Amino acid sequence: MKQYRVLVVDDSAFMRRAISHILEEDSQFHVIGIARNGVEAVDKVHRLKPDLVTMDVEMPKMNGLQALEQIMQTSPVSVVMLSSRTKEGAKETLHALELGAVDFFLKESLIKNQDGEDRCQEFLKRLKGIVEAKIPHVATTVLQLPKEVRKMKRQRSGLIFIGCSTGGPSALQTILPHFPADFSIPIVVAQHMPPGFTKPLSERFDTLCQLEVKEAQNGTAVQGGTIYIAPSGYQTRFENKTDGTVIFNVDNDVDGEALYKPSIDITLESAAPIFTNQLLAVILTGMGVDGMQGCGVVKKYQGNVFVEAKDSCIVYGMPKAVLEAGYADGQFVRSQMYQEIMSFIS
């Protein structure tokens with residue numbers, strides 16, 4: 001069984017011990033060293049060559065963002081940020097993802113909370129998915145669109161839906177800013193994130209994109225020329241009004257059993273009967289199978305599905321599940337995805 005070497009970076013001795021203990025509960029992880037600040041982190045990444053780094057943000061001498069930037073320039077490695085659940089923490093985390101971090105995890109979720117919930121196993125599972133994705137693999141065969149697939153019309157009654165998880169923010173950054181200011185089809189994005197993180201994400205993309213980007217809000221109409229980010233901590237569904245207007249139905253889904261909020265499956269299951277063959281679902285990098293069931297419903301209503309190819313995924317989980325279920329009409333590496341979307345829309 002392959003063992004993965006991890007460098008733990010945090011200025012808190014308590015957190016260094018806690019993270020190291022969590023990691024070494026799994027025999028596949030071996031903590032090869034610790035660093036107390038960004039200067040030590042840059043040096044030890046260069047010398048120890050770990051498979052993975054867990055990186056704190058706020059540290060003396062050199063913070064996590066500065067260290068990450070140097071590491072990506074000199075000794076690139078998979079870096080997972082440990083973030084705080086604050087507005088400033090969310091902004092810093094998104095900046096880290098732009099600089100090359102592959103994922104993030106909330107610090108407080110690694111410590112058992114008052115109701116006894118333990119997120120450590122999820123943490124380990126996500127880390128394992130990241131390092132395993134870096135093992136060399138055979139190049140992916142890209143699926144070309146079959147000639148019989150009907151192209152979408154460039155009209156406001158259609159919808160482009162994008163679902164993603166681990167590695168999603170960086171994937172979105174290679175796609176969303178390319179859409180031109182006169183693009184008339186609404187775009188809805190469901191990105192797995194903790195509550196409080198999708199608002200800063202929408203604000204950040206609003207500065208990068210030619211289209212307006214904002215969080216979806218309950219009861220508002222779905223309009224062309226806009227990119228909507230499904231809010232974290234809620235489920236986003238679509239509702240067709242009697243006058244033909246489609247609105248967002250956003251609720252906290254208190255009694256729901258979905259693992260994720262937002263759930264890609266739940267959003268697609270509501271979108272497919274409304275948008276039918278004018279729906280294009282795009283499933284990007286992410287762990288797990290969220291989106292597979294929803295894409296099955298998309299195909300039932302004659303919609304279309306693209307998935308990201310393994311070669312560009314941070315974690316090839318969600319796209320793989322959709323592809324293996326037989327629901328994908330096309331599979332493309334990330335750098336091709338925008339152009340393939342545009343080519344598909346007549």
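**Exercise 1. Work out whether Val188 is buried or exposed in this predicted model, and find what surrounds it.**

Solution. Start with the accessibility: Val188 has a relative value of 1%. The cut-off for buried is under 20%, so Val188 counts as buried.

Next, place the residue. Val188 belongs to strand β7, which covers residues 187-191.

Now look for partners, skipping anything within four places in sequence. Val188 is in contact with Leu159, Ile160, Phe161 and Ile162, and also with Tyr228, Phe238 and Phe248.

Finally, a distance to try in your viewer: from Val188 to Ile111 you should get 33 Å between C-alpha atoms, with their positions 77 residues apart in sequence.

**Exercise 2. Follow the contact from Val188 to Phe238 and describe the surroundings of Phe238.**

Solution. Phe238 sits in strand β10 (residues 235-240). Its relative accessible area is 6%, so Phe238 is buried too.

Then list the neighbours, again leaving out residues up to four places away. Phe238 touches Leu159, Val188, Val222, Val246, Ile247 and Phe248, and on top of these Thr267, Ser270, Ala271, Ile274 and Phe275. Leu159 and Phe248 turn up here, and they are also on the list for Val188.

For a distance check, take Glu203: it is 35 residues from Phe238 in sequence and 23 Å away, C-alpha to C-alpha.

**Exercise 3. Find the residues with the most contacts inside the largest nonpolar core, and say which helix gives that core its largest share.**

Solution. The core in question has 57 residues, and Met55, Leu176, Phe179 and Ile187 have the most contacts within it. Helix α11 (residues 334-344) supplies the largest share, 5 residues.

Zoom in on Ile187. Beyond its sequence neighbours, Ile187 is in contact with Leu176 and Phe179, and with Ile160, Ile162, Leu211, Thr226, Ile227 and Tyr228.

Don't stop there, though: another core lies apart from this one, with 28 residues that include Ala190, Phe248, Ile264 and Ala328. As background, nonpolar side chains tend to be buried together in soluble globular proteins.

**Exercise 4. Decide whether Arg126 is buried or exposed, and name its contacts.**

Solution. Arg126 is part of helix α5, residues 120-133. Its relative accessibility is 18%, so Arg126 counts as buried. Leaving out neighbours within four places, Arg126 is in contact with Asp103, Phe104, Phe105 and Met287.

**Exercise 5. Identify the buried residues of helix α9 and the elements that cover them.**

Solution. Helix α9 spans residues 292-300, and its buried residues include Gly294, Cys295, Gly296, Val297 and Val298. Among the elements covering them are two helices, α8 (264-275) and α10 (318-324), and two strands, β12 (279-283) and β13 (304-308).

Now walk off the end of the helix. Gln302 follows α9 and is found in the loop between α9 and β13. With a relative accessibility of 57%, Gln302 counts as exposed.

**Exercise 6. Pick out backbone geometry worth a second look at Thr276, Gln302 and Pro262.**

Solution. Keep the background in mind: most residues other than glycine have a negative phi, and most peptide bonds are trans.

Thr276 has a positive phi of about 40° without being a glycine. You'll find Thr276 in the loop between α8 and β12, and at 29% relative accessible area it is partly exposed.

Gln302 also isn't a glycine, and its phi is positive, near 70°.

For the peptide bonds, go to Lys261 and Pro262: the bond from one to the other is cis, with omega near 10°. Pro262 is in the loop that runs between β11 (246-251) and α8.

**Exercise 7. Check whether the radius of gyration of the whole chain agrees or disagrees with that of a compact globule.**

Solution. For 346 residues, a compact globule would have a radius of gyration near 20 Å; the chain has 20 Å, so the two agree. Along the principal axes, the C-alpha atoms fill a box of roughly 60 × 45 × 35 Å.

Then add the rest of the picture. The chain has 11 helices and 14 strands, and 55% of its residues count as buried. Of the contacts with a separation of 6 or more, 73% join residues 24 or more positions apart. The accessible surface is about 15,200 Å², and carbon and sulfur atoms hold 48% of it. As for charge, there are 36 positive and 41 negative side chains, with the centres of the two sets 4 Å apart.

Definitions and conventions:
Residues numbered from 1 in each chain as written. Predicted model: local features only at pLDDT ≥ 70, side-chain atom pairs only at ≥ 80, totals over all residues. Heavy atoms only, no water. Helix = DSSP H or I, 4+ residues; strand = E, 2+ residues; numbered from the N terminus. Rg over C-alpha atoms; globule rule 2.2 N^0.38 Å. Buried < 20%, exposed > 50% of the residue type's maximum accessible area, 1.4 Å probe, protein only. Contact = heavy atoms within 4.5 Å. Areas by Shrake-Rupley, 256 points an atom, 1.4 Å probe, with all protein chains shown as cover. Lys, Arg positive; Asp, Glu negative; His and termini not counted. Charge placed at Lys NZ, Arg CZ, Asp CG, Glu CD. Core = buried A, V, L, I, M, F, W, Y, C linked by side-chain atoms within 4.5 Å.
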